[in-house]
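Hi everyone, thanks for coming. I'd like to walk you through one model today, so please have the viewer open and follow along.

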Amino acid sequence: MTTSTLLLILASAVLHASWNLIGKKSAQSVAFYAWAMAAGMLIFSPLAISVLPYLPQLNPEFWGLLLLSGLFQALYLTGLAQAYRHGNLGLVYPLARALPVLLVPLAVLLIYGQTRLDTGDGLGMLMIAGGALGLPLARWRELRLQHYCTPAIGWVLLAAASTAGYSLTDSAAVQHLNRVGLSAFEAGSSFVVLQAGCCLLWLVPIIHLLLRQPLTPTQPRMIWLAGSFVIGTYLLILTSMTLVDEVSYVVALRQASIPIGVLIGVFWLGEPLSRPRLTGLLLMLAGLLMVAL
């Protein structure tokens, strides 16, 4: 992995932790994220112009990936918003970010029958996911199944599974855009705008019909700020996906946002940092270093 790719992913991690802080502090409703997606799509919409000449070359497979990606993104935002209603940032954010580290390589192996990951990469990813087990605990003696059977954890699992889903579909989609002639940045910037629009097509019925939450926007300044971060961070990730051999590397290194999110929760929101949570955080950091080096 090149230095520029690594820097793209690390910059994305900072932005990602930042918009999750906004979501936790400003609103814990799916509608907030829907409006943020709409705002971000409008801000970055000029970047989608580059894809217009290539539209005739995009086959049905690409449009199917886009539709599926929008669904996964909508389910991710739904799970994340609902999880924040039941849990704190230091619990929800690291779990939602760490679990896809295991899910994506497993999915890649099942789909393609092979992987480019070596033993060190696999061990590092296991350490990242294993460190997540300590995050919900105040004391090690609480390490029992019942502490993970909570509404917050249930919504986190939905967010994590959806992250794995859109990571795989988006990687295939931007690679397709890259093959038809778009550069890495053009492919990422075009797709992130298209995906935001498709995500909204799924989010609106989820909010209105399933969750029965109001769609009225609140805190417009935070919506615009969160929207710019949501789309901006994923633009960096989509660009980096075109620069690596396997999406599992990107998914793993994105978890650099985990310690950022935990520290924000501790120092900004006043959330407790227990010994199991600190141990889990250090284990995650060690796993990240193993994958990055």
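I'll start with the whole chain and then move to a few places inside it.

One thing to keep in mind throughout: this is a predicted model. So, what is the secondary structure of the chain? It comes to 11 helices and 0 strands. If you read the elements from the N terminus on, you get α-α-α-α-α-α-α-α-α-α-α. The chain has 293 residues, and 55% of them are buried. For those of you who think in surfaces, the accessible area is about 12,700 Å², with 69% of that belonging to carbon and sulfur atoms. And for those who prefer contact maps: among contacts with a separation of 6 or more, 87% are between residues 24 or more positions apart.

Let's go inside, then. Which residues have the most contacts within the largest nonpolar core? They are Met-37 and Phe-191, in a core of 71 residues. Helix H7 gives the largest share of this core, with 11 residues.

Take Met-37 to begin with. Setting aside neighbours within four places in sequence, Met-37 is in contact with Gln-73, Leu-77, Ala-196, Cys-199, Leu-200, Val-230 and Ile-231. Met-37 is also one of the buried residues of helix H2. H2 covers residues 30-44, and from its first C-alpha to its last it reaches 21 Å, close to the 21 Å expected for 15 residues at 1.5 Å a residue. H2 is mostly covered, with 11 of its 15 residues buried. Those buried residues include Val-30, Ala-34, Gly-40 and Phe-44.

While you're on H2, have a look at the rings. A search of the whole structure turns up 5 aromatic pairs. In one of these, the ring centres of Phe-32 and Tyr-33 are 5.7 Å apart and the planes meet at 85°; planes over 60 degrees apart count as edge-to-face, so that is what this pair is. Are these two residues buried or exposed? Phe-32 has a relative accessible area of 3%, and a residue under 20% counts as buried, so Phe-32 is buried. Tyr-33 is at 2%, so Tyr-33 is buried too.

Another edge-to-face pair is formed by Phe-62 and Phe-191, at 6.1 Å centre to centre and 70° between the planes. This pair links distant parts of the chain: Phe-62 sits in helix H3, residues 60-86, while Phe-191 sits in H7, 129 residues apart. Both Phe-62 and Phe-191 are buried. Add Trp-63, and you have one aromatic cluster of Phe-62, Trp-63 and Phe-191.

Staying on H7, which spans residues 184-211, please click on Gln-195. Here is a polar side chain in a covered place: Gln-195 has 2% relative accessibility and counts as buried. What does the side chain of Gln-195 make a polar contact with? The partner is the side chain of Ser-69, at 2.8 Å. Beyond its close sequence neighbours, Gln-195 touches Leu-66, Ser-69, Gly-70, Gln-73, Asp-170 and Tyr-234.

Ser-69 comes up again from another direction. Thr-169, in helix H6 (residues 151-179), is in contact with Leu-65, Leu-68, Ser-69 and Phe-72, leaving aside neighbours within four places. Thr-169 is buried as well, at a relative accessible area of 7%. Also in H6 is Ser-171, which counts as buried at 13% relative accessibility. The C-alpha atoms of Ser-171 and Leu-238 are 7.2 Å apart, although 67 residues separate them along the chain.

Now a loop residue. Leu-58 lies in the loop between H2 and H3, and it is buried, with a relative accessible area of 7%. Its contacts beyond four places in sequence are Val-51, Trp-63, His-176, Leu-177 and Val-180. You met Trp-63 a moment ago, in the aromatic cluster.

Last stop, helix H5, residues 119-131. Its 13 residues should span 18 Å at 1.5 Å a residue, and the end C-alpha atoms are 18 Å apart, which agrees. Among its buried residues are Asp-121, Gly-124, Met-125 and Ile-128.

That's my tour, so over to you for questions.

Technical notes:
Residues are numbered from 1 along each chain as its sequence is written. This is a predicted model: local features need pLDDT of at least 70, side-chain atom pairs count only at pLDDT 80 or more; totals for chains, interfaces and linings use all residues. Side-chain values use heavy atoms; hydrogens and water are left out. Helices (H or I, at least four residues) and strands (E, at least two) are DSSP runs, numbered from the N terminus. Buried means under 20% relative accessible area, exposed over 50%, partly exposed in between (1.4 Å probe, protein chains only). A polar contact is a pair of N or O atoms within 3.5 Å; within protein, one must be able to donate a hydrogen and the other to accept it, and residues adjacent in sequence count only if both atoms are side-chain atoms. Contact means heavy atoms within 4.5 Å. Rings of Phe, Tyr and Trp (its six-membered ring) pair if their centres lie within 6.5 Å; planes under 30 degrees apart count as stacked, over 60 as edge-to-face and the rest as tilted. Accessible areas come from the Shrake-Rupley method with a 1.4 Å probe; for residues, only the protein chains shown count as cover. A nonpolar core is a set of buried Ala, Val, Leu, Ile, Met, Phe, Trp, Tyr and Cys residues joined through side-chain atoms within 4.5 Å. The expected span of a helix is 1.5 Å times one less than its number of residues.
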